[in-house]
Amino acid sequence: MCDQVRWQLQQGELLIVNPRRKNGLIIYKTYHAEFAGPGAIVGGQFDLDVSKLLAVGNLSLVTPSNSQARKQAYKMRRQWVKLTKQIIDNPVPTERAQVILNQFEHWFDVATVADLPDEAFALLVGVLPQTIRKVRNIELL
């Protein structure tokens with residue numbers, strides 16, 4: 001499914017992460033990744049450079065029904081970006097890793113987060129994958 005969605009995004013199509021489900025997309029770009037959670041718009045000019053997508057939860061995408069729905073979805077995408085930026089603003093890499101893992105466990109569940117690769121979280125908050133791995137291993141103790 002993600003390959004089809006990636007193609008749609010690379011074509012500039014606009015879609016919205018279903019706001020009625022616990023789901024989202026990790027959108028891999030050249031040097032980082034972005035998370036688009038429930039209610040966020042994906043595609044258009046923002047995601048033409050997507051290289052890979054990772055579904056979080058039971059992914060469901062819907063087409064915006066009108067300009068008001070698009071406007072609201074743009075606001076939601078901006079909120080998800082702002083939330084990630086707040087995490088990134090912390091200068092301590094292990095703390096950024098801990099916070100992103102905690103946030104995802106809060107938004108989804110422990111099992112869903114455990115299935116997501118270290119690389120995805122690392123690209124979201126600007127740390128090395130081994131930093132994510134280290135923080136995950138500390139949690140297991």
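The dialogue below takes up several features of a predicted model and shows how each may be read.

Q: How many salt bridges are there, and what does the term require?
A: A salt bridge calls for a side-chain nitrogen of Lys or Arg within 4 Å of a carboxyl oxygen of Asp or Glu. By this rule, nine salt bridges are found here. One of them joins Arg-6 to Asp-3, with the closest N and O atoms 3.7 Å apart.

Q: Where do Arg-6 and Asp-3 stand with respect to each other in helix 1?
A: The two residues are separated by about one helical turn, because they are three residues apart in helix 1. Arg-6 counts as partly exposed, at 25% relative accessibility, whereas Asp-3 counts as exposed, at 57%.

Q: Which salt bridge does Glu-34 make with an Arg side chain?
A: The side chains of Glu-34 and Arg-77 meet at 2.7 Å, N to O. This pair links distant parts of the chain, since Glu-34 belongs to strand 3 and Arg-77 to helix 2, 43 residues apart. Arg-77 counts as buried, at 6% relative accessibility.

Q: Which side chain meets Asp-118 in a salt bridge?
A: The partner is Arg-133, at 3.1 Å from N to O. Here too distant parts of the chain are linked: Arg-133 lies in helix 6 (residues 129-140) and Asp-118 in helix 5, 15 residues apart. Arg-133 is partly exposed, with a relative accessible area of 41%, while Asp-118 counts as buried, at 14%.

Q: Which residues are joined into one network by salt bridges that share partners?
A: The network consists of Lys-29, Glu-34, Asp-47, Asp-49 and Arg-77.

Q: Is Lys-29, a member of that network, buried or exposed?
A: A residue is called buried when its relative accessible area is under 20%. Lys-29 has a value of 6%, and is therefore buried. Lys-29 is placed in the loop between strand 2 (23-28) and strand 3 (33-36). The side chain of Lys-29 also reaches the backbone oxygen of Phe-46, at 2.7 Å.

Q: Where is Asp-49, and what is its relative accessible area?
A: Asp-49 is in the loop between strand 4 (41-43) and strand 5 (52-57). Its relative accessible area is 40%, so Asp-49 is partly exposed. Asp-49 and Ile-27 are 22 residues apart in sequence, and their C-alpha atoms are 9.5 Å apart in space.

Q: Why is helix 5 described as largely enclosed by the rest of the structure?
A: One may judge a helix by how many of its residues are buried. Helix 5 (residues 118-125) has eight residues, six of which are buried, and it is therefore largely enclosed. The buried residues are Asp-118, Ala-120, Phe-121, Ala-122, Leu-124 and Val-125. After helix 5 comes Gly-126, with a positive phi near 70 degrees.

Q: Which residues gather in a patch of positive charge on the surface?
A: The patch is formed by Lys-71, Lys-75, Arg-78 and Lys-82. A residue must have over 30% relative accessible area and no salt bridge to belong to a patch. Lys-71, which lies in helix 2 (residues 67-88), is partly exposed at 48%.

Q: What contact joins the side chains of Gln-8 and Glu-13?
A: A polar contact of 3.0 Å joins the two side chains. Gln-8 is in helix 1 (residues 2-10) and is buried, with a relative accessible area of 15%.

Conventions. Residues numbered from 1 in each chain as written. Predicted model: local features only at pLDDT ≥ 70, side-chain atom pairs only at ≥ 80, totals over all residues. Heavy atoms only, no water. Patch = residues over 30% accessible without salt bridge, like charges linked within 9 Å, V, L, I, M, F, W, Y side chains within 5 Å. Areas by Shrake-Rupley, 256 points an atom, 1.4 Å probe, with all protein chains shown as cover. Lys, Arg positive; Asp, Glu negative; His and termini not counted. Charge placed at Lys NZ, Arg CZ, Asp CG, Glu CD. Helix = DSSP H or I, 4+ residues; strand = E, 2+ residues; numbered from the N terminus. Buried < 20%, exposed > 50% of the residue type's maximum accessible area, 1.4 Å probe, protein only. Polar contact = N/O pair within 3.5 Å; in protein donor to acceptor, adjacent residues only side chain to side chain.
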